[in-house]
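Got the viewer open? Keep a selection box handy and follow along, one stop at a time.

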Amino acid sequence: MRLLGYADRLSVPAGGRIEFKISSELPEFTPALVRLRRGGSPVHECDLLEDEIAAELPAAVPGRVQVARAGSYVEAALRPGAEVAGAGLAVWMCPTRLDRDREQTVLALTTTDGAAGYLLSVSARGYTLRDAGGTELARLDAAPVQRQWTFVAATVSPDGAARLAAYGPTTGPTGAPGVQESHIQGRRGLECGFPEPRGGSAWRLLVGAGPRGAFFNGRLARPVASTTGWSADRTSRLAAGEDAVAVLGSDGVSALALGRDPAAAAVADDGALTAGGTVVNRPASAVPGPFWRNRETDFRRVPDEYDALHLHEDDLDDAGWETDVVLTVPADAASGAYALRITAGEHVDRIPFVVTPPAGAPPAPVLVVLPTWTYLAYANWRTYAEYEEERLALYGERRGVDPRDRWLARHPELGRSLYDVHTDGSGVMYSSRARPIVNIRPDYFTPTTRGLRHFAQDLSLLHWLDERGEDYAVITDDELEDGGADALAGHRVVITGSHPEYSSARMLDAYQAHVNAGGRLMYLGGNGFYHVTARHSGPSGAIEIRRARGSQTVWTSGAGEEHLSATGEHGGLWRWRGRAPQRLFGVGMTAQGFDKASGYRRTPESRAAEWVFAGVDVAVGEVFGDQGPGLGGAAGDEIDRADVALGTPADALVLASSVGHSDKIALVRDDEWLSYAAPPRPDPRVRSDVVLFGRPGGGAVFAVGSIAWSTAMTHKGGENDVSRITANVLDRFRDHPEPVAGA
């Protein structure tokens with residue numbers, strides 16, 4: 001990809017300003033504003049539809065290459081006037097990936113130009129203290145133990161004598177550490193590394209990285225830096241867990257409190273050497289430190305035991321690109337999905353965003369909430385290209401890969417999805433919008449569904465509404481999180497996207513309040529409202545999850561790491577928090593499989609809502625929705641079932657249930673348990689249910705329990721049973737305030 005970019009936000013109100021950051025290997029490119037009408041491409045079963053919109057944009061923009069720089073660390077500037085007449089560096093470290101000879105920097109006290117200072121590093125061979133020029137000052141050939149805590153300290157006296165010591169691994173705060181030391185006599189004068197900074201340069205402290213990278217993979221806690229060395233006795237006291245300021249004093253000493261505020265990008269310094277540090281590229285926080293006693297898993301209750309950060313060489317929170325195009329969205333732009341289309345010769349990229357209604361606009365009868373947090377959860381998911389052969393068993397056939405995924409596999413610096421793991425094998429907890437995301441594109445090809453999924457699929461819903469002439473508006477998960485119930489107020493019908501898997505408590509509360517207030521809700525997807533999710537403050541809009549017990553997952557959170565650093569609440573599945581999706585939406589995640597989709601059999605109880613099937617030639621007991629693009633049916637991909645035991649209202653009508661699923665459609669692990677009795681085959685829980693129920697006051701919910709549903713709505717240009725059923729429900733919900741069946 002020689003042309004790509006991202007926006008500083010995923011949504012903007014009509015008349016608002018949005019900035020685009022673009023990397024182009026071509027001399028110039030042409031920007032244009034387009035409204036996205038439908039997703040697709042020559043390799044899909046439908047074409048991409050877009051309308052060009054008049055906007056004030058330059059005819060051409062000079063191209064320049066911009067590069068993302070992954071790797072997390074903490075940086076703190078020394079206070080002006082700090083005199084470095086020696087050095088002390090100490091830290092608790094728990095390495096999670098060590099290469100034999102490659103040195104990873106755990107602490108660096110250097111000038112900003114890298115001309116002077118000290119670097120304390122670790123490799124599989126041991127520990128090394130070097131000066132800024134790379135000269136080895138001390139070495140300790142003691143192989144660290146991966147995933148175990150060690151305390152390492154290095155000091156350089158004013159006369160150049162260097163000392164390096166490592167304590168550990170320990171058995172805990174009262175354990176007896178084993179100490180190994182290395183001493184090297186230094187040289188006096190400038191060769192000892194104490195020159196004044198060059199003009200324009202200043203001293204700084206780096207935690208988890210050096211001036212030229214060399215990022216550390218693992219956990220660091222209680223870093224200490226000093227502009228003078230200290231005695232071996234004081235090193236022992238630090239290794240025993242004593243407070244750094246109590247041992248060394250505060251003058252000329254830095255003691256950064258890494259875990260004190262897990263949600264913050266700023267780090268306080270208990271010493272006086274710096275004014276505090278800044279966390280770069282969002283390493284994992286709210287993780288246990290070296291003195292965790294394994295008695296409490298909520299970091300808010302024992303903050304002193306959660307004083308670590310887990311850093312990775314491939315963390316990326318903000319690519320940090322410069323702005324190339326600024327767009328003021330036309331004030332009269334209709335709410336919907338848009339993109340900045342950038343073109344240079346044969347190279348094209350479309351950077352999508354949503355235009356929301358301007359402040360004060362009267363609410364449209366219909367409101368679509370696009371599940372942008374799910375888009376971010378899957379952002380730059382790398383499995384398609386990296387595990388292409390392994391996915392053959394999942395599909396039962398070779399489906400191909402979008403070329404952008406192959407390109408992405410060669411560019412780890414663009415960050416990972418919440419379904420990936422870091423290079424050290426730990427799970428990715430955060431995903432941000434402040435980077436190029438190649439799979440949030442209207443023409444992106446998803447092998448999982450033989451075509452459309454997520455953003456590209458949700459454009460099909462918007463196209464369906466356009467074809468019906470609906471008066472609708474569009475918002476994203478961010479507006480729902482920001483506004484809560486107010487974001488839905490006044491809209492008669494709220495429609496979800498196809499896969500609203502990631503949601504916060506505030507978002508669930510907003511949907512509940514909408515229904516309680518008499519609003520209607522159409523959940524036109526599957527695997528929705530599944531993972532407890534939080535958003536961090538700041539321009540990157542990063543979302544966070546923890547994969548706790550019982551989830552259908554590719555990685556799991558470690559011991560003591562199940563609470564979200566953003567909010568402190570317990571992560572995992574909403575089901576285990578007592579808010580299973582069935583309670584509000586009638587259905588919840590039950591199975592997944594990607595070989596083919598199925599149809600639905602109409603149930604006898606659907607007679608109580610005959611209006612749902614008006615114009616649909618499907619009698620009770622007959623099957624509908626067993627055709628369509630992609631997986632070939634309406635019930636597929638990931639599917640949800642009704643279950644009174646999990647909260648489905650007892651008065652809810654199950655209008656239809658899916659039939660004919662293959663053995664590749666697997667029950668989620670949430671419902672698996674050991675039993676002496678063989679489970680029934682096929683498992684009756686492997687099904688998608690279409691549910692309808694009303695609430696006192698006129699509120700109502702219609703849920704289809706399948707990601708594939710909205711794709712099936714497009715079959716034969718929308719002339720199909722799935723589309724007609726959806727239209728019947730939308731018309732009734734929008735135009736008839738009287739209670740629906742099940743109230």
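In which loop does Asp-269 lie? Select Asp-269 and look to either side: the loop holding it runs between strand 19 (266-267) and strand 20 (277-280). Keep in mind throughout that this is a predicted model.

**Stop 1: around Asp-269**

Is Asp-269 buried or exposed? Its relative accessible area is 14%, and since anything under 20% counts as buried, Asp-269 is buried. Now add Ala-255 to the selection. Ala-255 and Asp-269 are 14 residues apart along the chain, and their C-alpha atoms are separated by 5.4 Å. To show the surroundings, bring up Val-253, Ser-254, Ala-255, Leu-256, Thr-274 and Gly-276, which are the residues in contact with Asp-269 once neighbours within four places in sequence are left aside.

**Stop 2: helix 1**

Next, select residues 232-239, which form helix 1, and colour its buried residues: Thr-235, Leu-238 and Ala-239. They sit on the same side of helix 1, because the arc they cover around the axis is only 100 degrees. What lies over them? The cover includes strand 8 (87-95), strand 13 (150-156), strand 14 (162-167) and helix 2 (244-248). Before leaving, click on Gly-241, which follows helix 1 and has a positive phi, near 100 degrees.

**Stop 3: two positive phi values outside glycine**

Strand 13 was part of that cover, and the loop between strand 12 (136-140) and strand 13 is where Arg-147 is found. Select Arg-147 and check its backbone: phi is positive, about 65 degrees, although the residue is not a glycine. Arg-147 is partly exposed, with a relative accessible area of 48%.

Now jump to Asn-527, in the loop between strand 31 (520-523) and strand 32 (531-532). Here too phi is positive in a residue other than glycine, with a value near 50 degrees. Is Asn-527 buried or exposed? Asn-527 is buried, with a relative accessible area of 1%.

**Stop 4: Arg-433 and its company**

Go to the loop between strand 27 (430-431) and helix 7 and pick out Arg-433. This arginine is buried, at a relative accessible area of 15%. Which residues are in contact with Arg-433, leaving aside those within four places in sequence? From the start of the numbering come Tyr-6, Ala-7, Asp-8, Arg-9 and Leu-10. Add Leu-376 and Asp-478, then Gly-538, Pro-539, Ser-540 and Gly-541, and the list for Arg-433 is done.

**Stop 5: helix 7 against helix 12**

Stay with helix 7 (residues 455-468) and show helix 12 (residues 721-735) alongside; their axes come within 12 Å and cross at roughly 65 degrees. Helix 7 and helix 12 are therefore roughly perpendicular to each other. The crossing is right-handed. For the contact itself, put sticks on Trp-464, Leu-465 and Arg-468 of helix 7, then on Ser-723, Thr-726, Ala-727, Leu-730, Asp-731 and Arg-734 of helix 12. Colour this set by residue class and you should see four nonpolar, two polar and three charged.

**Stop 6: a cis bond, then strand 40**

Which residues does the cis peptide bond join? Zoom in on Arg-681 and Pro-682, where omega is about -5 degrees. Pro-682 lies in the loop between strand 39 (666-667) and strand 40 (689-694).

Follow the chain into strand 40 and select Leu-692, which is found there. Leu-692 is buried, with a relative accessible area of 0%. Try a distance to Gly-586: the two are 106 residues apart in sequence and 7.8 Å apart in space, C-alpha to C-alpha.

**Stop 7: two last picks**

Val-623 lies in strand 36 (residues 623-624) and counts as partly exposed at 33% relative accessibility. Leaving aside neighbours within four places in sequence, Val-623 is in contact with Gly-599, Tyr-600, Arg-601 and Val-659. Draw a line from Val-623 to Thr-343, and you span 46 Å, C-alpha to C-alpha, with the two positions 280 residues apart in sequence.

Finish at Glu-56, in the loop between strand 5 (49-53) and strand 6 (61-62). Is Glu-56 buried or exposed? With 76% relative accessibility, Glu-56 counts as exposed. Its C-alpha atom is separated by 9.1 Å from that of Leu-33, 23 residues apart along the chain.

Technical notes. Residues numbered from 1 in each chain as written. Predicted model: local features only at pLDDT ≥ 70, side-chain atom pairs only at ≥ 80, totals over all residues. Heavy atoms only, no water. Axes fitted to C-alpha atoms, helices over the stretch in contact; angles between N-to-C directions. Helix = DSSP H or I, 4+ residues; strand = E, 2+ residues; numbered from the N terminus. Parallel < 35°, antiparallel > 145°, perpendicular 65-115°, else oblique. Left-handed = near helix turned anticlockwise from the far one by under 90°. Contact = heavy atoms within 4.5 Å. Nonpolar A, V, L, I, M, F, W, Y, C, P; charged D, E, K, R; others polar. Buried < 20%, exposed > 50% of the residue type's maximum accessible area, 1.4 Å probe, protein only. Arc of directions from axis to C-beta.
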